[in-house]
Amino acid sequence: MIKRLIPAFIAITLFSCEQVETPQNEEQKPSATIKNHSYGNIDEISTNHLHLELNVDFENKSLAGVARHTMDNKGADKAVFDIKKINIEKVTLGKKGAETETTFTIGQYDSLLGAPLIVDLSSEDLFVNIYYSTQKDADALDWLPAELTGSKKYPFLYTQGQAILTRTWIPVQDTPENRFTYSADLKVPSELLALMSATNPTENNETGEYSFEMKQPIPSYLLALAVGELDYRQLSDNSGVYAEPHLIDAAEAEFKDIPKMIDAAEGLYGEYLWDVYDVIILPYSFPFGGMENPRLTFLTPTLIAGDGSLVSTVAHELAHSWSGNLVTNASWNDFWLNEGFTVYFENRIMEEVYGKEIADMLAMIEFQELKRSVDDLMAEGREKDTYLKLDLHGRDPDDGMTDIAYVKGAFFLKTIEEKVGREKFDVFLNAYFKAHEFKTLTTEKFVEYINENLFEKENIEFNLNEWIYGEGIPSNVIQLNSDRFVVAQELAQEVKDGNKLPTDLKRSDKITQEWLAFIRAFDGELSKEQMIMVDEQLNFKNSGNSEIMSEWFVLGIKNDYKEIRPEIKAFLKKVGRRKFLEPLYTTLAKTEETLEWGKEVYKEARPYYHAVSFHTIDKILGVNH
């Protein structure tokens, strides 16, 4: 669909505009080649630096300004960018201050991928400037009103770009295959602090104007922005935590071991190459446990358990500084290269900082989740989605964000470690990260590399194809054991047999993972009366620990424990993390009565969720918005 350029008032980057369409027949709309979920023609011309000039407008829920692309042009006469729910005002060529307006077209819109923005240029053009504004329903952007923030005084904004949502707030070649540096100049309300996945301030200024720079090249999904009332606490020379004022003390205490984790990670796999490792605690609507945006990891407040028992997520996001951020999957079909390596690395960090027993319990809990995911996928006829190497052509990359990529990938690497020995495997991993730093990699290239640099070198045979291109969990998977889990499972059996809990047993006597093993040992079956008995003593329903509460609530829904519905409803209206929402709503959808109640709750809760979460729950409950 061709867009005509409409003159508009522009004051630096502060403007408001809408696209005006010239009607055309559907078949006349231009198209572009799709590769790796992107229209970008990066083989012909690609961004190597992006500079943003944006105004953050909370009243209109819009970002408005210009994206200035410095490009590597290999002789192209067009540059193609990905856009979705973005209004394009005009496009110019040339450096700032010496720009010439050019023509552009916007191709056929696709509900998943958005549309190609096709910019006309010459083979000599290296600078493309796209003047634009975002739409209110841009999927990457979560505009939270003041009443949903901690202080209830100021609004909050954050972005979530992975996998292909950056195109909803920046016109960009939105594929992990292309890496570029970036900088930004932002204008925000003066009472708020702006942060990005780049160099950051630690306190707000009177003007509300902030500048940022990311010197290391990153893929587009790692571009990130957060704006809100935020405080900062330094944890070490190169680490610290941001949070809303009401959470800053708890966050500082919960994540005090981040410097130890950084030391452990560098001791394992080499120097941290991103200069600073800060984290920010986002509002409860954040859809993930964490997001590894370089220099500024985004975290959910559900990790603040008060006892440090959920900090493995921080270890995971830190590990991404090597696997994912430093060495990146070339396509979303290769997502396991990001996540499998990261879960393995996370577990090694946890072992270094907290000991092997804790690390093994964490891995065993994940393995339980992996087996459950494999069973579910097999039952749904999605056997190929249990492969490590996926085929997501024509599908949402989110379909590949399962325990397969994360945990099957990690146990693949754990099994290799057991086969070749930890010392040799660590030598291999150090060389792997060094050889591919700031590069992208496919599964096939990884197979070539590990065969040449590990298996052939050490004269070892290993069933790579069965793990990468095979269904389920291979039989040679490493086996882990935990005496503490056995005790927790035996305690569950006592309860199932009709016995009371020991009178002196307290929830603080066991760590989160032991209680998860206890709850899971019931295999989904426990009478309402027994659940009431457990709650009277251990109070899982009000524990404040989201991992325990979500597992307990699922068990309660399955066993008609309606007495905890007020707690379930409060949880669903507070927490937007998809990991917890998905099993809860899925369980509610199993019967007609619970589905009806679940829909009633969801109607109230949906405004509290990010688009990543509510799109998933819409499908589970079969509702349209």
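Strands here are DSSP runs of at least two residues, numbered from the N terminus. With that in hand, here are the views of this predicted model.

**Figure 1. Glu292 sits in the loop between strands E18 and E19.** Strand E18 covers residues 290-291, and strand E19 covers 296-299. Is Glu292 buried or exposed? Its relative accessible area is 3%, and because buried means under 20%, Glu292 counts as buried. Setting aside residues up to four places away in sequence, Glu292 touches Gln162, Tyr221, Leu222, Thr297, Glu317, His320, Asn325 and Glu339. For a sense of distance, Leu581 lies 289 residues from Glu292 in sequence, while their C-alpha atoms are 21 Å apart in space.

**Figure 2. A cis peptide bond joins Gln162 and Ala163.** Look for an omega of about 5° at this bond. Ala163 belongs to the loop between strand E10 (156-159) and strand E11 (179-187). Gln162 also appears in the previous view, as one of the residues that Glu292 touches.

**Figure 3. Lys85 reaches out from the loop between strands E3 and E4.** The flanking strands are E3, residues 78-83, and E4, residues 86-93. Which side chain makes a polar contact with the side chain of Lys85? That partner is Asp139, at 3.2 Å. The Lys85 side chain also reaches a backbone oxygen, that of Asp137, at 3.4 Å. Beyond its neighbours within four places in sequence, Lys85 is in contact with several residues, including Tyr109, Thr134, Gln135, Ala138 and Thr168.

**Figure 4. Lys152 has a positive phi without being a glycine.** The angle is about 60°. You will find Lys152 in the loop between strand E9 (141-144) and E10. Lys152 counts as exposed, at 55% relative accessibility.

**Figure 5. Asp523, in the loop between H11 and H12, is another residue with a positive phi.** Its phi is near 50°, and the residue is not a glycine. Asp523 has a relative accessible area of 61% and is exposed.

**Figure 6. Helix H12 packs its buried residues against three helices, H10, H11 and H13.** H12 runs over residues 528-538, and its buried residues are Gln530, Met531, Met533, Val534, Asp535 and Leu538. The packing partners span 483-496 for H10, 512-520 for H11 and 546-558 for H13. After H12 comes Asn539, with a positive phi near 50°.

**Figure 7. The whole protein chain gives the close-ups their setting, with 17 helices and 21 strands.** Its radius of gyration is 25 Å, close to the 25 Å that the globule rule gives for 625 residues, so the chain is as compact as a globular protein of that length. Along the principal axes, the C-alpha atoms fill a box of roughly 80 × 60 × 50 Å. Of the 625 residues, 59% are buried. Considering contacts between residues at least 6 apart in sequence, 72% join residues at least 24 apart. The chain exposes about 25,000 Å², and carbon and sulfur atoms supply 46% of that area. As for charge, there are 64 positive and 103 negative charges, and their mean positions are 2 Å apart.

Terms used. Residues are numbered from 1 along each chain as its sequence is written. This is a predicted model: local features need pLDDT of at least 70, side-chain atom pairs count only at pLDDT 80 or more; totals for chains, interfaces and linings use all residues. Side-chain values use heavy atoms; hydrogens and water are left out. Helices (H or I, at least four residues) and strands (E, at least two) are DSSP runs, numbered from the N terminus. The radius of gyration is taken over C-alpha atoms; the globule rule is 2.2 Å times the number of residues to the power 0.38. Buried means under 20% relative accessible area, exposed over 50%, partly exposed in between (1.4 Å probe, protein chains only). Contact means heavy atoms within 4.5 Å. Accessible areas come from the Shrake-Rupley method with a 1.4 Å probe; for residues, only the protein chains shown count as cover. Lys and Arg count as positive and Asp and Glu as negative; His and the chain ends are not counted. The place of a charge is taken as NZ of Lys, CZ of Arg, CG of Asp or CD of Glu. A polar contact is a pair of N or O atoms within 3.5 Å; within protein, one must be able to donate a hydrogen and the other to accept it, and residues adjacent in sequence count only if both atoms are side-chain atoms.
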